[in-house]
Amino acid sequence: MSDIQSLLRQTSFQKEDVITLLSPQNTDDIETIRRHAERVLLRAIGKKVHYRGLVEFSNRCNLDCYYCGIRRSNGTLTRFSMSVDNIVDAAKWCAAKGYGSIVLQSGQRTGNDFIEHVVSAISRIKKETVSSSLPDGLGITLCVGEQSKETYMRFFNAGAHRYLLRIETTHPGLFSKIHPPTQTLEHRIECLNTLKEIGFMVGTGVMIGLPGQTIRMLADDILFFQQYNIDMIGMGPYLPHRQAPLQNLSEATWTTPAILQKALLMIAVCRILFKDINIAATTALQAIAPKGREEGLRYGANILMPQLTPTRFRKSYQLYENKPCLEESKGDCALCLKSRIESVDRQLAVNEWGDPHSFSH
Ligand code: 5AD
């Protein structure tokens, strides 16, 4: 039995074990880890893949993250905000197609108009997507950044039950290298705690391949997910953007194929450690490999996020360059993803929220 095989028989994993699993030395070991993750997935969740229809409803943002294409200082962008009617129309389309859940994502803003806009979109989606096949309406996930406790409560009371807030990296030095000094790791952690306390199902994640990032840092990220009992994970490769200064700061630690491999191993190790939680095969994986999202599913992911953002706005919502699916309609995205799911012997689940058994209020 190889060292990797005997390591995978363990029931708990220390930091050094996670590091070993993230740095296999040959393709046999990589395949052993992948197959194990797939077995864990099939046992804990089965073949089902759930959709979260993604509506990127506004690219206005108060922040200036050094990696992000929609950062406040990017003056080359046309800024947009979808009306509540438009957001609700996208949600109704999503419900009619049997998706079960929707993600509302935007740049981070804190003004009252913005908060009201989001609250009103959530309340209307909750009311207007109830049907015999979806008796509780669409499951709603929010991804609108760091907010006050009061604001998070308003979102929760309006009917959102999941929240995504990526930690980006848990390494304090790296976090401050990729964010302006006004943003802190501590505050992001505080927000994750607040979201949990309120009762949200909380998702987080990191970018992989950031300049200066190491395997030890990625192992710490996984231990952070464990310590904070995270319910959902979304991770993807860091992809440079011409209008974002991080691309000039320093050389990436790994080559693009190595970054893809690390991102897939991160998914596999999270699946092995956390069993039945929701892990997304993110669009960013497909930006560096044509079959990146299928690979994500093969390494243990069980969630896909088809784009519902109206095609006319997609070009203005590029957090990174070479974002796939800029020209496609939402119908194209649904069909294309379904065949990608079937190509790796998995099944699309319809009219279900797809929350893990481990989640309890
Ligand atoms: N490359 C990859 N991911 C990015 N994000 C933002 N900018 C980039 C980039 N250049 C991710 C961040 C953020 C999420 C919404 O998008 O992790 O939390």
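How far is an oxygen atom of the ligand from an N or O atom in the side chain of E168? The legends below take up this question and others for a predicted model.

**View 1. The ligand and the side chains of E168 and R166.** In answer to the opening question, an oxygen atom of the ligand lies 2.5 Å from an N or O atom in the E168 side chain. R166 joins the picture too: an N or O atom of its side chain is 2.8 Å from an oxygen atom of the ligand.

**View 2. The ligand and the backbone of Y67.** Here the partner is a polar backbone atom of Y67, with a nitrogen atom of the ligand 2.9 Å away. Of the 410 Å² of accessible area that the ligand has on its own, the protein covers 88%.

**View 3. The shell and its cavity.** Take a look around the ligand and you will meet Y67, C68, Q105, R166, E168, M207, P237, Y238, L239, L319 and Y320. Eight residues of this shell are nonpolar, one is polar and two are charged. The ligand takes up the space of the largest cavity.

**View 4. The surrounding protein.** Stepping back, the protein holds 15 helices and eleven strands. Its C-alpha trace spans about 60 × 50 × 40 Å along the principal axes. The radius of gyration is 19 Å, which agrees with the value near 21 Å for a compact globule, because the protein has 361 residues.

Terms used:
Residues numbered from 1 in each chain as written. Predicted model: local features only at pLDDT ≥ 70, side-chain atom pairs only at ≥ 80, totals over all residues. Heavy atoms only, no water. Near = heavy atom within 4 Å. Polar contact = N/O pair within 3.5 Å; in protein donor to acceptor, adjacent residues only side chain to side chain. Areas by Shrake-Rupley, 256 points an atom, 1.4 Å probe, with all protein chains shown as cover. 1 Å grid on protein atoms, 1.4 Å probe; cavity = no way out; pocket = protein on both sides within 12 Å on 5 of 7 lines; lining within 4 Å. Sits in = over half its atoms within 2 Å of the grid points. Nonpolar A, V, L, I, M, F, W, Y, C, P; charged D, E, K, R; others polar. Helix = DSSP H or I, 4+ residues; strand = E, 2+ residues; numbered from the N terminus. Rg over C-alpha atoms; globule rule 2.2 N^0.38 Å.
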